[in-house]
Structure formats: C-alpha cells, structure tokens
Amino acid sequence: MKYCPSVYGSPRRLTRVVDVGGVHLGGSNPVRLQSMLTCDTMDTEACIQQTLELVEVGCEIVRITAPTVKDAANLEHVSKGLRARGCHVPLVADIHFKPEAAMEAAKWVEKVRINPGNYADSKKFKIIEYTDDQYLQELDRIRERFTPLVQFCKEHGRAMRIGTNHGSLSDRIMNRYGDTPLGMVESALEFARIARELDYHQFVFSMKASNPKVMIAAYRLLVARLNELGDDWNYPVHLGVTEAGDGEDGRIKSAIGIGSLLGDGIGDTVRVSLTEDSIHEIPVARALVELIKPVGAPVAEAEPSYDPFSYARRPTATLQIGEARLGGEELVRVAVRQQTYDQVAHKVDRMGDYQPEFVVESSGAIAIDPRSDEEIQTLSVLADPALITVRDGLDLPVVPAYRLLAARVPGRHPILLKDTLTPATEAGDFLPNLLGAAAHIGALLCDGIGDAVLVQGESAPGQSLRLAYNILQAAGTRIFKTDYVACPSCGRTLFNLQSTTARIKAATSHLKGVKIAIMGCIVNGPGEMADADFGYVGGAPGKINLYVGKTAVKFNIPEAEAVDRLKDLIREHGRWVDAPAPAEPVHS
C-alpha cells in the first residue's frame, strides 16, 4: 500500500479538479489558501468585514460556521452583502451536528463542509458491539440523512468537504476501528461511497488532528486507500492540523503536519489553524506552500526504515557524547555548532530549558552522502556505533536525504538531523526559517528518524536553540514544557479564545509535561482534546466545563472563576507545582 510513488521524491499527486465557486482545487491548479471567520455568524456586517480583510491578505476560500438553521439562513445576507461589494470569494458553511442547517446553508454558499463523525450521529461515548447487520443498518440511516444534501449540491453546483476530525469519530467507528487513523479514513469513505452512488464527485477530503503524527498517518492512509480503490477516486485533499495553538508553537505544529505532506506531493488546499485573528493564518499558509514543494523525481531508492502509517522510533545503539546520552530510548538531543556555542557560552546556565546539549564538531559525528555505496560501506564495517548525518552542501532535499540515510546505514548508528544542508551565514527572515526547520526536522521525527537535531538555517543562536526544542515538543518527541491544544476561534466559540488562552498560559506555563486543551465549544470538546490531561471547554455563554482527559468533571463554572478552578483541578490530581521565581532575562 503506497501513498506516494516514492518517499525519496515524488511529484505532486494528480487529482481531479473540484470547482468551488470558480476557484478550482486539484489538478494542476495552485495549492489554495483558506481561513475561517471568528465572529458570530448572525453578525452580518462583522462577517462581511472579516471576509474582506481575509481576501485582502490573499485568502482564496472563506469558511463560516453554521451551527443552527438560523445561522445557516443568515449566510444569504452575508453572501449577498459581499457580492454587492464586489467580493466573489467562495464561502464554505461549516456544519457539524445538523443536516437541516447544511441543507439551508447549501442554498447560499459555494461549498459545505460536513464532519462524518457528527453529521448523522449523536455521540454518546458508548461501548456497543455492532453485528454486521447492525452496522449496515447504521449505514442505511446515514444514507437517509446524507442523501438530500448530496442531491441538492449536485443539482445546484455546490462543492463539499468530507472532513474527518480525529476527536469526533462516531461511536460506531470508535467501536469497530478505534480512535485510529484507520477509523478516520473509514469514517470519510462511508460518506464518499454514498456520494459516488449518487454520481456526485465535487468533493474533497480532510483528515485533521491536533497531533501531527496522527494527522500525517491519517492523510497517508487516506491517499493510499484512494489509490487502492482506483484511478477515479482521485479526489483533492484539504490539509490542516487542527487546534495547533498560537505563536511559534502553532506555526511549528502546522508546519510539521502540513509540510510533511506537501513535501510528498499531497495537498490541494490548506488552512493553518491558529488561536489568533484569522488574517494571521494566511501569511503562514502562503509561506509554507511557497517553501515546501514536492521533490519530483526520487533521489534514489531503498527499502524505507519506517512504516509510513504507524509511528515507531528507529532503533539504534546508545552513545555518550560529553554529558549527553543519545540513541536507543534516550531523549532526542539538541546540538549546536562550535560557533553557536561560543556565542552563548557565557550565559548557558541562564538559558533554562533551551540549553545546547553537545557541540557537533567535538561529537565525532560522521557526515556522508547517503547515495554513496563506498561511504555506506565504511559505516558498515565500523566496530562501534557512531553518530551519523548528511553532509552539508549536497544537492539533495533534506527529508529524502535523511530517509535514504536511515534506510541504508546499519541500524545501530544514531542519526543527527539538520534542518538544511546549507547553513545560514547571515540573518534572514525568521518565519521561513521556522517553517522550513519544522517541516524538515518535524517530518523526519514523525517518521521515527532522528536521535539529535541541529537547527543551522537560523543564525541567531538563541532563536535556533528555542526553535530546536519547540520542534521536538510540537512533534511529541520530547515534552519539556506545558503542552497546549487550543482551537482557533469561530462563530461557535463561547468565550474569547485568545485572551483566555493567554490567561491559562500565564497561570500554568511552568507545569512541564502537563497537556491542557482549551476549546471554545463542545464541537471541539471531549473528542478533540485527544490525549490532553485537562480540558477547559465552553459549555454555555459565560460558563465553562472542566475535563480530566475526555471526562467532564466540573460543570457551568462562571468564566471569571474558571482559570482558578482549573488550577484547583490540576492540584487535585497531583500535577500542580508552584511557579519558580522569575529568572534573569537572557538576550540572544
């Protein structure tokens, strides 16, 4: 089962073209940029203004939530107001629970997004063993609920996104497939089969998750299954990491998931989900699409060292380099060049969690060309394990180069990953450096490759170290600080996500290894929190529900008290420690 022609270099996946109100997805069209409104759908003027602002910064498709039939009906006024102002950007109605809202929204917008886990199912987190007959009866019920929307979209030229979310799989899917990438794929295919039975093909798929490893595996598995089903299953794909968060962390997590897939030729439209004003998403999406291109022809071929559909770290021997142990089951370490170390040596003891762990030049690392049989043979005859890496200056793309290295060298040798094979010689734009480092190193970490990392595309020593550690955190490889899963705002949100996220971070950012989910509503509630330890979820206007894992334990807490009650909950479960005294500021 293959998701791309070669993991060592593939052209962009060729899909059929889907028309979204005159904007064409797939085929040879550019990768399209999307975002979503954060305002109340009933506030027509705010929706129009936010849409115009998004279009101004380059957004090509705009999504608006329609949680009720009343919200969906107001899309008529939003659409007509935009068209009257000369704006013809396609609008997408975001539907989760109400088929009736989807039917109303489809009258006024160019595309409808449905979530298979919510569209026809009432999720109760029940354990039910379905017989084959019972399962087929459930599918018949889904067909009855979904068919009217498909027929309307077909007759009126509307497009559709069948968008699975990792955290909102139905009880039926969960009980048969589990909370897995396979369950995500099958959930979408159930709806796609119904659409195809009705000869409707103007749809795209998405497989979103907040965990980049899960997201990458789900998209790969989806494309592999589509390839198996036949050439006419060549539907476009919408890429996104859901609940990525804000700031550098949100950008890094998005770059890992989206960048890994773009590099392998997968993806026809992207949305970067940040807990920020939506206009900030578009520059990140644009930079990522411009930076990460499919490689094209493979650089070489070898049996891959990893299973692309499930994560396992590449097994190696353990090495001691200075005070750092790496390889085997040790932590993935952060390396620096001697020049970088010299710049920060005077303040290492004040750098907190972002300290260099070893210097490459004194590590004994062996740099090779992974295409060279002679150099591979030299490693094969070494009696002891050695730290190996790809040589700088080679005409190789980073990710295929390291995949080839991992495939060809003996497994006992740990690998040092680098974000680029062209080290920075002067200061450059930080955003491309961040996105490139995250996409390259993060993709490889999610493949299970890498025992140490070196960010050398960013010349500022403090920033390069912070970036290296934050990539390890976002990839789920090394958790060294509090981890946050924060959804982007939309019209369903029951509190101000940006200010609330800032307050929760201010209160909890010292809790290393604790994962906290901040969700604006029940749609992004217990399921979407994935593997979070604690959750802060909007339950009603001005009221918050608190979760431990996926279980709600505190209900209807006034918003003004909720952050303190969250701290109390963390204390109750033995995960609270008091914040240390503020450290001296360290300047890069």
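Helices here are DSSP runs of at least four residues and strands are runs of at least two, numbered from the N terminus. Keep in mind that this is a predicted model.

**Whole chain**

Start with the full chain in cartoon view. Its secondary structure comes to 17 helices and 23 strands. The radius of gyration is 24 Å, close to the 25 Å that the globule rule gives for 588 residues, so the chain is as compact as a globular protein of that length. Now rotate along the principal axes. The C-alpha atoms fill a box of roughly 65 × 55 × 55 Å.

**Inside and outside**

Switch on the surface. About 22200 Å² is exposed by the chain, and carbon and sulfur atoms supply 51% of that area. Of the 588 residues, 58% count as buried.

Next, show contacts. Take those between residues at least 6 apart in sequence: 72% of them join residues at least 24 apart.

**Charges**

Select the charged side chains and colour them by sign. You should find 64 positive and 75 negative ones. How far apart do the centres of the two sets lie? They are 3 Å apart.

**Helix H7**

Now select residues 181-197, which form helix H7. Check its length from end to end. At 1.5 Å a residue, its 17 residues should span 24 Å, and the end C-alpha atoms are 24 Å apart, so the two values agree. Is H7 mostly covered or mostly uncovered? Mostly covered: 14 of its 17 residues are buried, with under 20% relative accessible area as the cut-off.

Last stop: Asp199, just after H7. Look at its backbone. Asp199 takes a positive phi of about 60°.

Terms used: Residues numbered from 1 in each chain as written. Predicted model: local features only at pLDDT ≥ 70, side-chain atom pairs only at ≥ 80, totals over all residues. Heavy atoms only, no water. Rg over C-alpha atoms; globule rule 2.2 N^0.38 Å. Buried < 20%, exposed > 50% of the residue type's maximum accessible area, 1.4 Å probe, protein only. Contact = heavy atoms within 4.5 Å. Areas by Shrake-Rupley, 256 points an atom, 1.4 Å probe, with all protein chains shown as cover. Lys, Arg positive; Asp, Glu negative; His and termini not counted. Charge placed at Lys NZ, Arg CZ, Asp CG, Glu CD. Expected span 1.5 Å × (residues − 1).
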